[in-house]
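User: Please take a close look at the open sheet in this model and at the elements that accompany it. I would appreciate one connected account rather than separate notes.

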Amino acid sequence: MELEVKPLCLFDVDGTLTKPRQVITKDLFEFLKEKVRPQFDIALVGGSDYSKITEQMGGTGLNEFTYVFSENGLVARKNDEIVGTENIQNFIGEEQLQEFINFALRYMSTLTLPVKRGTFVEFRTGLINICPVGRSCSQKEREQFAEYDQVHCVREKFIQAITKQFPNLPFKYSIGGQISFDVFPKGWDKTYCLKYLDDYTTIHFFGDKTQPGGNDYEISQSARVISHTVSGPEDTLEQLKKLLSVK
C-alpha cells in the first residue's frame with residue numbers, strides 16, 4: 001500500500017520568509033515547524049546559493065525542509081542530499097560568458113549611484129547575479145539603493161541595455177530582492193524546480209515578486225501550483241494561518 005503524499009508548501013525566501021538577506025524570525029520559523037509541517041511537506045526555492053539560504057534559515061533550519069532549491073532549483077537538494085545540478089558555464093561556453101560579463105562590468109563603470117561597493121558580478125552554479133551597487137554594501141546602503149532604484153529604474157534599464165547588446169543570447173533576466181538581478185538560460189527560472197516535485201498533486205507557492213519581470217512570476221503562473229502573492233514575512237504568516245484555518 002502506497003503512503004499518501006502530503007500537499008506541499010513551496011516558499012520563496014527573500015521578501016517571503018525573510019526580509020531581504022535577513023534571518024527568518026523565530027515566530028515564523030516555529031509556525032512552519034509546529035503548525036505547517038504536520039499537514040504539509042515544506043520546501044524552499046530561492047535565487048541565492050545554498051550558503052546564503054542556510055544563513056537566512058538560521059544556520060540549522062534547513063533540516064525542517066524536505067526540498068531546498070537554491071539558484072532557482074538549479075542546485076536541488078532532497079533531505080539535505082543533492083539530487084540535481086545544472087551549470088551555466090557548460091551551457092553557454094566560456095567565450096560568450098566572458099563577453100557578457102565584460103559588457104556588464106563596463107556598463108556598471110558608467111553608473112553614478114548613491115554608493116558603490118564591491119562584488120558586482122557573482123558567478124553561481126546555474127546563474128549569474130549582477131548587482132550595480134555591489135553585494136558587499138551594508139544593510140543601510142542596500143535600502144538606500146532600493147529606494148533609488150524605485151525612482152530611477154537602474155536594474156530595469158540595465159537589463160534593457162544587455163538585451164539590446166546580446167539579442168541572440170538565450171538568457172532570461174529576473175529582478176529579485178532589493179539590489180540585484182539574476183541572469184540564466186530561458187527555462188531555468190523557478191519553474192525548473194517543479195521537475196523534482198512530480199509526486200505532489202497539490203503545491204502551494206508563496207512569493208512576493210509575482211508581477212511580470214519578478215523572479216516569482218513564471219512559477220506563480222504555472223498550472224501546477226496554487227499561487228499566493230505576499231507582501232512580506234508577516235503577510236506570509238497571515239496567509240498560512242488562513243490556509244490552515246488557524247487563528
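The account below begins with the sheet and then turns to helices and loops.

Analyst: The model is predicted. Its open sheet has 7 strands, arranged in the order S5-S4-S3-S2-S1-S10-S11, and the pairing is mixed. Two strands form the edges, each pairing on one side only: strand S5, residues 81-85, and strand S11, residues 226-229. From one strand to the next, the twist averages 20°.

At the S11 end of the strand order, the neighbour is S10. Strand S10 covers residues 203-207 and runs parallel to S11, the two being joined by 4 bridges. Within this pair, Phe 205 has Ser 227 of S11 as its bridge partner. A helix also lies over this part of the sheet: H8, residues 233-244, lies across strand S1 (8-11), S10 and S11. The direction of H8 is at about 160° to that of S10. Angles over 145 degrees count as roughly antiparallel, so H8 and S10 are roughly antiparallel to each other.

At the opposite edge of the sheet, the loop between strand S4 (75-78) and S5 contains Asp 80. This residue is not a glycine, yet Asp 80 has a positive phi of about 70°. The side of the question that concerns solvent is also settled by the model: Asp 80 has a relative accessible area of 53% and is therefore exposed, the cut-off for that class being over 50%.

A second residue invites the comparison. Thr 119, in the loop between helix H4 (94-109) and strand S6 (121-123), is likewise a residue other than glycine with a positive phi, here near 65°. The relative accessible area of Thr 119 is 41%, so this residue is classed as partly exposed.

The remaining topic is a pair of helices. Two packed helices are described by the angle between their axes and the distance between the axes. For helix H5 (residues 139-152) and helix H6 (residues 154-165), the axes come within 6 Å and cross at roughly 60°. H5 and H6 are therefore oblique to each other. On the H5 side, the contact is made by Phe 145, Tyr 148, Asp 149 and His 152, which meet Val 154, Arg 155 and Lys 157 of H6. Sorted by class, the residues of this contact are 3 nonpolar, 1 polar and 3 charged.

Technical notes:
Residues are numbered from 1 along each chain as its sequence is written. This is a predicted model: local features need pLDDT of at least 70, side-chain atom pairs count only at pLDDT 80 or more; totals for chains, interfaces and linings use all residues. Side-chain values use heavy atoms; hydrogens and water are left out. Two strands pair if DSSP finds at least two bridges between them. Axes are lines fitted to C-alpha atoms, for helices over the stretch in contact, and angles run from 0 to 180 degrees between N-to-C directions. Contact means heavy atoms within 4.5 Å. Angles under 35 degrees count as roughly parallel, over 145 as roughly antiparallel, 65 to 115 as roughly perpendicular and the rest as oblique. Ala, Val, Leu, Ile, Met, Phe, Trp, Tyr, Cys and Pro count as nonpolar, Asp, Glu, Lys and Arg as charged, and the others, Gly among them, as polar. Buried means under 20% relative accessible area, exposed over 50%, partly exposed in between (1.4 Å probe, protein chains only).
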